[in-house]
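Here is a walk through one protein model, taken step by step. Keep the sequence and the 3D view side by side as you read.

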Amino acid sequence: QSENSDKSSAESDSETEPEQASVYHKLLATLKTSPESESEDDDESESEEDGESGTEMDSEESQENGEAEGGEEDENNTPDKEGIFLLFYNLIYFSFQQITATAEQTLGEEQADGEDVSCDPNHGVTEEFTDVKHESEFSLETNFIEEESGDCDADERRSNPFKQHMDKEMEEKEVEKMSTLSKSSSQIKWPRLGQLTFSSTSEKQKTLKPDKEVSMKQLHLHKPLEVTWPKVNKQLLSSLNKSCDSCFTPLQRELFCIMNTYRDLFYPERTALTNGEEIRLVYCLHALNHVLKANAQVLSNNAKRRDRKPGVDTDEYRDQGLTRPKVLMVVPFRECALRIVHNLISLLEVKSDKKIDVSNKKRFKGEFGSDPEEKPPNLKRPEDYEAVFAGNIDDHFRIGVAILQKSMRLYAPFYSSDIIIASPLGMRTVIGAEGEKKRDFDFLSSIEILIIDQADIYLMQNWEHVLHLMKHMNLLPLDSHGVDFSRVRMLNLNNWSKYYRQTLLFSALQDPQINSIFNKHCFNYTGQVAVRNIPQIGSISHVVVQLPHVFRRLEAESLNSVIDTRFQFFIDKVLPEYRDAIMSHTLVYVPSYFDYVRLRNYFKKEELNFVHICEYTKKAGICRARRFFLKGEKQFLLLTERFHFYKRYTIKGIKNLIFYELPTYPHFYSEICNMMKATNSGVDATWTCTVLYSKYDAQKLAAVVGIDRTAQMLQSKKNVHLFITGEN
């Protein structure tokens, strides 16, 4: 990223010169960068060869040395580059006029086609692109819709979930109760979702029952969506080889039933391999339905205000927030954003033969799409890995989307957007930190629907970014941003937006950190719904090698002391048993990077014979560590969970396995255990597997061994021995 930013700033300087000089410098830049790129390729190939040579190097030290050597290499190569410039100078000079004319002609053609070319790497990127060209066309203030073309009639409004939720006027006493009272909860079992927990501070909490087959009219969808949803969902299900007789799958119907009541929802069984796409489409339907209804209300009121008599002032036109963005979708990768936008476009196209107008669509495909040729061939990875890391997996992005009737505007400025799609890192860099001059979070002030999809992946990225985002949700803006306060809802003026915000949280697993987001940052007055199914059979049943599993319980006084207690338990009770040379080929699986650093430093201090691999280890270091471990030259291998998540390499030579902590993803337990069968020597009766756990690991433990065994293990303070025959 730093290289790209340096390149961008260099190119931006050239853009201030006349066009001829700009093209000239760009041509020189291509000559200048090509030797560098070649040398980088050479360095990479040399580093891989070094990886095979067998010399061990600490990954952090090699990283620092590489940077230092790279800097010296640039300085030493400067005379060679100047020689190249002189060699080709005459050629550049005589062909200069022709190059300039061609460049100007191409630039003119691109601009004539209505495409902004500032995103092209060949033109240089100075600032984040936003579409200012279509501002007036997508302005809510200057457009109108006649009342008869509006969303619904008077009777419909009374039963419309959108109107019911947004038009509710709360009193200060109610808000105080919500802030002070603890939530009451009730449980009910639904056919598809399973065990649901309803919680609310309201004394008159109603338990929601699942809808049976309902007509599209009863769902109160915005009119175009009644036509497009059945068609779009049917196409998706056919592409996924799923069949459904109705407009919704059973899962979609029950999820939308909850979404449409504007309750918060936590669904921890969303997986990219099985139900990810049908969930993505149904929350796109809900978000788009909300935006279309909200915008239709504003446009309809614009027409009423235009036709009203002079001097008549009324509060009945309070129909918007302090800022325009209504929906924030947080997703981990650009590919996810690409699929969301495609879903939104499909849901807006009522007639298949008539495409809607989408501004900057070509640019969007270029930046968020992927090149199939970029994927390395012949890499065998599990199916779930292929599903998660499909397409463009860049995790630093944000994009505003404006929707007005039958048109969509991509790259809209945030304050002119209806929907913002971003990654946690993309949000973190624009929100900034306290004390930074350039930071902005006012656009989050009036978010009405927050969708956090694939939350489990953020545990592998940087969970702090998610927490930072939640702290800045629905705060009063520092600037007015040109808002008409006579149109702002009282709930926004009273700073009660967070009590009306609906949060939809989807994850592949239940985790204390994800649960904390749902329990501590969701204040919806309508209440919360969480799916709380308990796994009956754990992932240990998928272990195919004959292996004794020893679960060793450690006693911690509190949740805060678990980290230190686990470390002390490991070095006092577990590690001494593996110090003997007989216990070679021992893999220590460490979920937390901070625990990994602590163990690595301790192993170095004790001068243990070990190697280590984490997500920051270079390829050469990984190759050396794997080879040393396989040959038995190194007794221990420390391995981080994030490395396994992002790479899924098979580690060969494992004979003894230690889970320093239960894995975040339960299926990682069986994956790591099954790596033992990759050893050429076959099954060994001396293989061992040791797992450390405490009473605070109940959720993770249940996901690995099942609920029945978990209950027994938590009641008993003795170590538990399980033997897996490969047929369990």
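The paragraphs below go from the sheet to a helix, then to salt bridges and aromatic rings. Bear in mind that this is a predicted model.

Start with the sheet. It is open and built from 11 strands. Their order across the sheet is 1-2-11-3-10-9-4-8-6-7-5, and the pairing is mixed. Strands of a sheet pair through backbone hydrogen bonds, either parallel or antiparallel. Which strands stand at the edges? They are strand 1 (184–190) and strand 5 (357–359). Each has a single partner strand, so one side of each is left without a neighbour in the sheet. Neighbouring strands of this sheet are turned against each other by 15° on average, direction ignored.

Now look at one pairing inside that order. Strand 6 (residues 398–404) runs antiparallel to strand 8 (residues 419–422), and four bridges join the two. Find Ile399, and you will see Ile421 of strand 8 standing opposite.

Move on to helix 12. It covers residues 334–348. Its 15 residues reach 21 Å from the first C-alpha to the last, close to the 21 Å expected at 1.5 Å a residue. Is the helix mostly covered or mostly open? Mostly covered: 12 of the 15 residues are buried. Among them are Arg334, Glu335, Cys336, Ala337 and Leu338. Further along, the buried residues include Ile340, Val341, Asn343 and Leu344.

Helix 12 also carries a salt bridge. Glu335 and Arg339 meet through their side chains, at 2.8 Å from N to O. The two are four residues apart in the helix, so about one helical turn separates them. An α-helix has 3.6 residues a turn, so residues three or four places apart point the same way. The partners differ in cover. Glu335 has a relative accessible area of 12% and is buried. Arg339, at 25%, is partly exposed. The bridge does not stand alone, for salt bridges with shared partners join Glu277, Arg280, Glu335 and Arg339 into one network.

The other two members of that network sit in helix 11 (residues 276–307). Arg280 and Glu277 are three residues apart there, about one turn of the helix. They form a salt bridge too, with the closest N and O atoms 2.7 Å apart. Both residues are buried.

How many salt bridges does the model hold? The count comes to 25. One of them joins Arg409 to Asp131, with 3.4 Å between the closest N and O atoms. This pair links distant parts of the chain, 278 residues apart. Arg409 lies in strand 7 (residues 407–410). Asp131 lies in the loop between helix 5 (96–112) and helix 6 (154–159). Arg409 is buried, with a relative accessible area of 0%. Asp131 is buried as well, at 3%.

Turn to the aromatic rings. They make 31 aromatic pairs. One is the stacked pair of Phe364 and Phe368, with 4.7 Å from centre to centre and 25° between the planes. Why are they about one helical turn apart? Because they lie four residues apart in helix 13 (residues 361–368). Phe364 is buried at 1% relative accessibility. Phe368 is buried too, at 1%.

A second pair is edge-to-face. Tyr500 and Tyr525 lie 5.1 Å apart, centre to centre, with 65° between the planes. They link distant parts of the chain, 25 residues apart. Tyr500 belongs to helix 19 (residues 497–500). Tyr525 is in the loop between helix 20 (512–520) and strand 11 (528–531). Tyr500 is buried at 2% relative accessibility, and Tyr525 is buried at 12%.

Rings can also link up in greater number. Phe333, Tyr385, Phe389, Phe645, Tyr646, Tyr665 and Phe668 are joined into a cluster by ring pairs.

Finally, look for charges over rings. The charged end of Lys498 sits over the ring of Phe523, 4.5 Å from the centre of that ring. The charged end of Arg627 sits over the ring of Phe628, at 5.4 Å from the ring centre.

Key. Residues numbered from 1 in each chain as written. Predicted model: local features only at pLDDT ≥ 70, side-chain atom pairs only at ≥ 80, totals over all residues. Heavy atoms only, no water. Phe/Tyr/Trp six-rings, centres within 6.5 Å; stacked < 30°, edge-to-face > 60°. Buried < 20%, exposed > 50% of the residue type's maximum accessible area, 1.4 Å probe, protein only. Lys NZ or Arg CZ within 6 Å of the ring centre and 35° of its normal. Salt bridge = Lys/Arg side-chain N within 4 Å of Asp/Glu carboxyl O. Expected span 1.5 Å × (residues − 1). Pairing = 2+ DSSP bridges. Axes fitted to C-alpha atoms, helices over the stretch in contact; angles between N-to-C directions.
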